[in-house]
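Biologist: Please take one part of this model and go through it closely. I would like short statements, with the cut-offs behind each term.

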There are 2 protein chains.
Amino acid sequence: MKQPVLHTVLSPALLHLYDLSNTIVVIIDVFRATSTIATALYNGAEKIIPVDSVEQCIALGKATPNSITAGERDGKVIEGLQYGNSPGDYPKSFIEGKTLVLTTTNGTRLLHMALNNGAAEIITGSFPNLAAVTEFLMQQKKNVILGCSAWKDKFNLEDTLFAGAVVNKVTNHFKIHCDASLMAQEMYTLHQDNMHTFIRKTTHWHRLSAYGLEKDLEYCVTPNVANVLPLYKNGALLAMH
Amino acid sequence: MKQPVLHTVLSPALLHLYDLSNTIVVIIDVFRATSTIATALYNGAEKIIPVDSVEQCIALGKATPNSITAGERDGKVIEGLQYGNSPGDYPKSFIEGKTLVLTTTNGTRLLHMALNNGAAEIITGSFPNLAAVTEFLMQQKKNVILGCSAWKDKFNLEDTLFAGAVVNKVTNHFKIHCDASLMAQEMYTLHQDNMHTFIRKTTHWHRLSAYGLEKDLEYCVTPNVANVLPLYKNGALLAMH
């Protein structure tokens with residue numbers, strides 16, 4: 001049987017180089033959008049509506065019953081929104097049954113780029129839902145793009161490490177002739193046992209830890225603590241069952 | 001003293017994210033443009049004129065005394081040009097005193113992008129002239145961009161490994177808060193002792209080895225066999241003395 005093809009895309013600015021038709025795109029924004037998405041859905045959020053702008057977020061929040069607005073720009077809560085982009089903000093006791101309207105610097109932007117570029121299916125991935133993502137990809141037997149949200153289009157390590165964790169798990173199920181995937185897998189195998197130490201070297205760590213988010217960042221590289229599959233459908237991310 | 005800043009740019013499609021003013025840009029196209037440039041200059045070529053198009057290459061070849069035209073597209077010699085992009089094509093007995101008018105898929109394109117984006121100085125780097133590059137960068141004490149030519153804007157490993165070799169050598173002389181540089185350095189230290197084996201896993205190896213260029217590719221990852229510094233000045237690359 002012909003194996004499906006997998007590529008890793010290291011920045012949204014490189015997404016246009018790939019054909020997304022008949023392809024599942026995995027949106028990866030480890031610090032912190034896709035970790036927060038997995039956590040909120042795992043804890044019972046009804047759905048998450050990713051939007052590009054703060055204005056849209058506020059307007060949609062007002063129009064949607066039982067919803068909250070949340071997001072960040074440059075790692076900080078935005079004026080006019082109610083909550084931030086921390087997975088710790090969304091325990092079951094708070095988020096269950098609610099709709100989260102979310103806007104972030106990189107992850108929600110990449111999701112809409114994938115949508116506009118004709119992705120057949122869109123899911124979100126992060127260490128908290130690593131196994132849910134890899135199991136889905138191995139079941140579907142379709143072409144896959146692992147899309148790193150990066151930081152304002154610049155390469156980042158945390159998204160690459162997650163892409164590498166996925167490649168490492170699914171490698172025998174796909175045809176992978178992709179230097180970015182090979183690099184990501186090697187970086188992941190090199191650091192999978194010292195992740196908490198290694199992420200302290202990343203530029204994103206220095207950016208966010210200035211806001212006292214160390215616990216958040218360590219949670220965001222912990223595998224399978226919110227094992228749910230967020231699937232984008234009709235404008236919202238829902239937990240697939 | 002304030003240290004200069006170093007960044008690694010993994011694809012020409014990301015170059016616009018960086019400020020190139022007051023910055024030395026190192027053009028990296030390991031397979032094979034910048035390896036060939038170093039080799040031809042080391043073997044006594046008077047200068048190398050990098051051009052974007054085949055038409056320009058032919059026209060400039062006709063207009064330039066004692067010149068030859070050379071280049072590749074997709075790894076193959078182009079109809080209308082005299083020579084290819086193999087460093088083996090340019091021994092001293094052939095190239096000494098000549099001007100090489102060169103066009104390639106990725107490297108010459110990135111050089112012109114750097115020029116158009118206001119780079120203060122442009123040099124070219126490859127394993128054959130690794131030490132010449134690192135010594136120059138440590139002497140100059142200016143900001144540095146290590147620019148990977150990639151493959152049609154897609155990330156490649158061989159350019160990344162060379163960027164990593166540079167980072168590894170100059171790291172104490174620069175302020176480096178750049179995930180791409182950190183990744184490149186780790187990939188280089190991981191593979192510096194098995195380079196000939198590891199490059200066989202890259203997509204570029206599979207692309208070029210189909211044309212029987214294995215010896216070329218092994219030469220292109222051999223450090224310091226053509227230790228010259230190609231500096232771009234007035235439209236041409238010259239060996240700096």
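Modeller: Below is a look at the helix pair α6 and α7 of chain B, then at its surroundings.

This is a predicted model: local features need pLDDT of at least 70, side-chain atom pairs count only at pLDDT 80 or more, and totals for chains, interfaces and linings use all residues. Residues are numbered from 1 along each chain as its sequence is written, while chains are lettered from A and ligands numbered from 1 in the order in which they are written.

Start with the pair itself. Helix α6(B) covers residues 157-170, and helix α7(B) covers residues 179-191. (Helices are DSSP runs of H or I with at least four residues, strands are runs of E with at least two, and both are numbered from the N terminus.) The two axes are 7 Å apart and make an angle of about 95°. Axes here are lines fitted to C-alpha atoms, for helices over the stretch in contact, and angles run from 0 to 180 degrees between N-to-C directions. The helices are therefore roughly perpendicular to each other. That word covers 65 to 115 degrees; under 35 is roughly parallel, over 145 roughly antiparallel, and the rest oblique.

Now the residues. From α6(B) come B:T160, B:L161, B:A163, B:G164, B:A165, B:V167 and B:N168. They meet B:S181, B:A184, B:Q185, B:M187, B:Y188, B:T189 and B:H191 of α7(B). Contact means that the C-beta atoms, placed from the backbone, lie within 7 Å. By class, this contact has seven nonpolar, seven polar and no charged residues. (Ala, Val, Leu, Ile, Met, Phe, Trp, Tyr, Cys and Pro count as nonpolar, Asp, Glu, Lys and Arg as charged, and the others, Gly among them, as polar.)

In chain A, the axes of α6 and α7 come within 7 Å and cross at roughly 95°.

Next, the inner neighbour. Helix α5(B), residues 130-140, has the buried residues B:L130, B:A132, B:V133, B:F136 and B:L137. Buried means 20 or more other C-beta atoms within 10 Å of the residue's own; exposed means 12 or fewer, and partly exposed lies in between. The cover over these residues includes α6(B), along with β2, β7 and β8 of chain B. B:K141 follows α5(B) and has a positive phi, near 55°.

Strand β8(B), residues 143-148, pairs in the parallel sense with β1(B) over four bridges. Strands pair if DSSP finds at least two bridges between them. B:L6 of β1(B) stands opposite B:V144 of β8(B).

Finally, the other chain. 24 residues of chain B are in contact with 24 residues of chain A. On chain B, α6, α7 and α9 (203-209) each supply at least two residues of that side. The largest share, seven residues, comes from α7(B). The side divides into 12 nonpolar, seven polar and five charged residues. The copies meet through the same surface, because 100% of the interface residues of chain B are also interface residues in chain A.

A turn of 180° with a shift of 0.0 Å along the axis lays chain B on chain A, with an RMSD of 0.0 Å. The two copies are thus related as by a two-fold rotation axis. In chain B, the C-alpha nearest that axis belongs to B:A13, 3.4 Å from it. The superposition is by least squares on the C-alpha atoms of residues with pLDDT of at least 70 in both copies.

How values were computed
Two residues are in contact if their C-beta atoms, placed from the backbone, lie within 7 Å.
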